[in-house]
Amino acid sequence: MKILEVKGLAKSFGKTKVLKGIDFSMEKGEVVAVIGSSGSGKTTMLRCINFLETADQGQIYVDGNCIFDGASGKKLTPAQERENQLNFGLVFQNFNLFPQYTALENVALAPKLLAQERPDYKQNKKQILAEIEENAKSLLDRVGLSDKRNNYPCELSGGQQQRVSIARALALNPKVLFFDEPTSALDPELTGEILHVIRDLATKDVTMVIVTHEIDFARNVADRIIFMADGVVVEEGTPEQVIDHPQNERTQAFLKRLE
Amino acid sequence: MSIFITVTLSLLEGLWTTFKIFALTLLMALPLGLIISFGSMSKIKVIKWPIKFLIWVIRGTPLMLQLIVFGFGPGLLGIDGMDTFVAVMIAFVLNYACYFSEIFRGGIEGIPKGQYEAGKVLGLTKSQVFFKIVLMQVVKRIIPPMSNEFLTLVKDTSLANTIMIYEITWNAKRFMNSEHILWPLFYSGVFYLAFCGILTLIFGYIEKKLDYYRG
């Protein structure tokens, strides 16, 4: 069964059609890289799937269950929206860490708040919170920041902040982890550490969708590449197919410009 | 010497009233200001526009005039027996709540959208986003403008003397009439100065406390 399936996703801002019907699906453990020039709708697609924007049309299925149907016209309740949200994790271009919390607190905040809804929270509070803390620490270890747990975001480099935000997104065990140009806000010498972390996650079967401008990285880490232009998926396939032997002339033109 | 002591005691008595106006205004105007700021940011027009109108009127007219309206207005309308101190409190609370609301609004709207979005994708509820993520950042941002307002409030309390509230300035002016001396009025400045000095120290301390992070 497909872990994520997107059908006919469309979105307009005013009169501008940003997404004109996006279809794609992915298997568990798959890594998909989305490439395309700015304004092609990559980020909007990510934001629609993560419910930061509401798509006008289309459906989103997770594990075969429809979690969003633009045709139904029904507005989701905040509770439903939250439940949907928890299927996914999103790593932002600008990290968006919470500045008043340490790295560890950033990672543990959402799981702690979510745990309050567990029926056994009151009885096992101490144990639950300790487990969350332990998990948060091991996630920071995993992104190589075990020595920065108690630092505030302003004390960390851009690359370190982005690694904290990856750990934060992983803390809720999302079924699919999305990255919105995770290295675009970083100095070139810092992008390597982020790519390293993502590559490591890919080997551990984390299902990921990565919007990126780093073509070499996309080729390296992704099982499949999606090339978008003007709000549609123009071409998709393995990195060899899309990057090395593009069939569509728009893909060819885009890749040529990058050389 | 004895007149100096008399004046000092009288001003200290006035200081207590000044402090009461100051503290009660903050106690009520801060929460009311937050509510008004939510109203002024509301997407519902029948809430937003009356609130905006209220803020415009309150900020667009002198506080002294508002004191006179609330102090003498009820009497003119035939409503007797409203305590003058209550009138002062209504005027001060309303006036300061409107100014505070604009500071809160600035603070809340200045928080980057990404903070809300990060909270949302992590499955936080709207109130969790506000109380766990946004509020602390707002507090840090509004400390400098708030300290300005607090200091202005200390000095604005002197306006209450226009409707016969016996705060410091009223007590100082009293000696002008009874003893024909002007210096108690100058002397009263020392009390305001000391009051504001203490507030400045407190705000400096809070700012330092919140200095552990940026952003």
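Q: Why is Asp141(A) called partly exposed?
A: In this predicted model, Asp141(A) has a relative accessible area of 39%. Buried means under 20% and exposed means over 50%. The value falls in between, so Asp141(A) is partly exposed.

Q: What makes Asp141(A) and Arg149(A) a salt bridge?
A: Their closest N and O atoms are 3.8 Å apart. The cut-off is 4 Å, between a side-chain nitrogen of Lys or Arg and a carboxyl oxygen of Asp or Glu. The pair therefore qualifies. Side chains of opposite charge can pair when their charged atoms come close.

Q: Why does Arg149(A) count as partly exposed?
A: Arg149(A) has 24% relative accessibility. That is not under 20%, and not over 50%, so the residue is partly exposed.

Q: What makes Ser157(A) partly exposed, and where is Ser157(A) found?
A: Its relative accessibility is 27%. This value too falls between 20% and 50%, so the class is partly exposed. Ser157(A) sits in the loop between helix H4 (121-142) and helix H5 (158-170) of chain A. From Ser157(A) to Val233(A) there are 76 residues in sequence and 35 Å in space, C-alpha to C-alpha.

Q: What makes the pair Arg59(B) and Glu102(B) a salt bridge, and which parts does the pair tie together?
A: The closest N and O atoms are 3.8 Å apart. That is within 4 Å, so the pair counts. Arg59(B) belongs to helix H2 (residues 45-60) of chain B and Glu102(B) to helix H4 (residues 84-109) of chain B, so the link ties together parts 43 residues apart in sequence.

Q: Buried or exposed: how do you know the class of Glu102(B)?
A: Glu102(B) has 17% relative accessibility. This is under 20%, so Glu102(B) is buried. Its partner Arg59(B) has a relative accessible area of 38%. That value falls between 20% and 50%, so Arg59(B) is partly exposed.

Q: How do you know that Arg224(A) and Glu30(A) link distant parts of the chain?
A: Their side chains meet in a salt bridge, 2.8 Å from N to O. Arg224(A) is in strand S9 (residues 224-229) of chain A, while Glu30(A) is in the loop between strand S2 (16-26) and strand S3 (31-35) of chain A. The two are 194 residues apart. Both Arg224(A) and Glu30(A) are buried. Over all chains, the search of the whole structure finds 22 salt bridges.

Q: Why is Arg47(A) called buried?
A: Arg47(A) has 15% relative accessibility. The limit is under 20%, so Arg47(A) counts as buried. Its place is in helix H1 (residues 42-49) of chain A. Beyond four places in sequence, Arg47(A) touches Leu52(A), Glu53(A), Lys113(B) and Glu117(B).

Q: What makes Arg47(A) and Glu117(B) a salt bridge?
A: Their closest N and O atoms are 2.6 Å apart. That is within 4 Å, so the rule is met. A network of salt bridges links Arg47(A), Glu53(A), Lys113(B) and Glu117(B). Across the interface of chain B and chain A, the rule finds 2 salt bridges.

Q: How many residues make the contact between chain B and chain A, and what area is buried there?
A: Chain B gives 21 residues and chain A gives 25 residues. The buried area is about 2200 Å², with 62% from carbon and sulfur atoms. In chain B, Lys120(B), Val121(B) and Leu122(B) lose the most area to chain A, together 30% of what that side buries. There are 11 residue pairs in polar contact between the chains. H5(B) gives the most to the side of chain B that touches chain A, with 8 residues. By class, that side has 8 nonpolar, 8 polar and 5 charged residues.

Q: How do you know that Glu167(B) has no salt bridge?
A: The nearest side chain of opposite charge, Lys173(B), is 7.6 Å away. The cut-off is 4 Å, so no salt bridge is counted. Glu167(B) is nevertheless buried. The residue lies in the loop between H6 and helix H7 (168-178) of chain B. A polar atom of its side chain is 3.1 Å from the backbone nitrogen of Thr169(B). Its contacts beyond four places in sequence include Gly14(B), Asn161(B) and Tyr192(B).

Q: Which elements make up chain B, and how much of chain B is buried?
A: Chain B has 8 helices and 0 strands. Of its 215 residues, 44% are buried.

Notes. Residues numbered from 1 in each chain as written. Chains lettered and ligands numbered in written order. Predicted model: local features only at pLDDT ≥ 70, side-chain atom pairs only at ≥ 80, totals over all residues. Heavy atoms only, no water. Contact = heavy atoms within 4.5 Å. Buried area = accessible area lost by both parts, 1.4 Å probe. Polar contact = N/O pair within 3.5 Å; in protein donor to acceptor, adjacent residues only side chain to side chain. Helix = DSSP H or I, 4+ residues; strand = E, 2+ residues; numbered from the N terminus. Nonpolar A, V, L, I, M, F, W, Y, C, P; charged D, E, K, R; others polar. Buried < 20%, exposed > 50% of the residue type's maximum accessible area, 1.4 Å probe, protein only. Lys, Arg positive; Asp, Glu negative; His and termini not counted.
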